[in-house]
Amino acid sequence: MFSTEKKKPKIKASFSIPHESNEILNRFSELTGVSKSEFISQVLDMTKPYLEQLILAIENDDIEAAKKVEEDFKKQLLT
């Protein structure tokens with residue numbers, strides 16, 4: 001799941017998440033030794049194709065395309 005590719009330049013981002021989500025991230029990080037930032041970065045990298053398709057659908061005001069992206073993403077999560 002986690003890449004060993006050469007690291008790309010990164011920027012610092014600050015955002016708020018619900019307390020429960022932070023607790024889950026903390027537990028995962030403690031158990032695996034993977035930092036919360038690295039985990040979030042990897043998840044975003046893995047979902048990037050879906051996010052890009054969704055952005056395009058939203059930019060084109062294409063509700064059907066957006067629904068298809070959502071369905072495809074759900075299927076991917078279940079496999």
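**Close-up views of charged side chains**

**View 1. A patch of negative charge on the surface.** Four acidic residues, Asp61, Asp62, Glu64 and Glu71, come together on the surface as a patch of negative charge. Keep in mind while looking at this and the other views that the model is predicted. To find your way into the patch, start with Asp61, which sits in the loop between helix H2 (36–59) and helix H3 (63–78). Asp61 has a relative accessible area of 64% and is therefore exposed, since exposed means over 50%.

**View 2. Lys10 and Glu38 joined by a salt bridge.** We now turn to pairs of opposite charge. Side chains with opposite charges can pair when their charged atoms come close. In the model, three salt bridges are counted, and this view shows the one between Lys10 and Glu38, whose closest N and O atoms are 3.3 Å apart. Lys10 belongs to the segment before helix H1 (19–32) while Glu38 is part of helix H2, so this pair ties together parts that lie 28 residues apart in sequence. Are the two partners buried or exposed? Lys10 is exposed, at 55% relative accessibility, whereas Glu38 is buried, with a relative accessible area of 18%. The label for Glu38 follows because buried means under 20%.

**View 3. Lys68 and Asp72 paired along helix H3.** Here the side chains of Lys68 and Asp72 meet in a salt bridge, with 2.9 Å from N to O. Both residues are in helix H3, and because they are four residues apart, about one helical turn separates them. Lys68 is partly exposed at 48% relative accessibility. Its partner Asp72 is also described as partly exposed, with a relative accessible area of 23%.

**View 4. Lys74 and Glu70, another pair in helix H3.** How far apart are the closest N and O atoms in the salt bridge that Lys74 forms with Glu70? They are 3.3 Å apart. Lys74 and Glu70 are four residues apart in helix H3, which means that about one helical turn lies between them. As for their surroundings, Lys74 counts as partly exposed at 46% relative accessibility, and Glu70 is partly exposed with a relative accessible area of 42%. Both values fall between 20% and 50%, so the label "partly exposed" applies to Lys74 and to Glu70.

Methods
Residues are numbered from 1 along each chain as its sequence is written. This is a predicted model: local features need pLDDT of at least 70, side-chain atom pairs count only at pLDDT 80 or more; totals for chains, interfaces and linings use all residues. Side-chain values use heavy atoms; hydrogens and water are left out. Patches are made of residues with over 30% relative accessible area and no salt bridge: like charges are joined within 9 Å, nonpolar side chains (Val, Leu, Ile, Met, Phe, Trp, Tyr) within 5 Å. Accessible areas come from the Shrake-Rupley method with a 1.4 Å probe; for residues, only the protein chains shown count as cover. Lys and Arg count as positive and Asp and Glu as negative; His and the chain ends are not counted. The place of a charge is taken as NZ of Lys, CZ of Arg, CG of Asp or CD of Glu. Helices (H or I, at least four residues) and strands (E, at least two) are DSSP runs, numbered from the N terminus. Buried means under 20% relative accessible area, exposed over 50%, partly exposed in between (1.4 Å probe, protein chains only).
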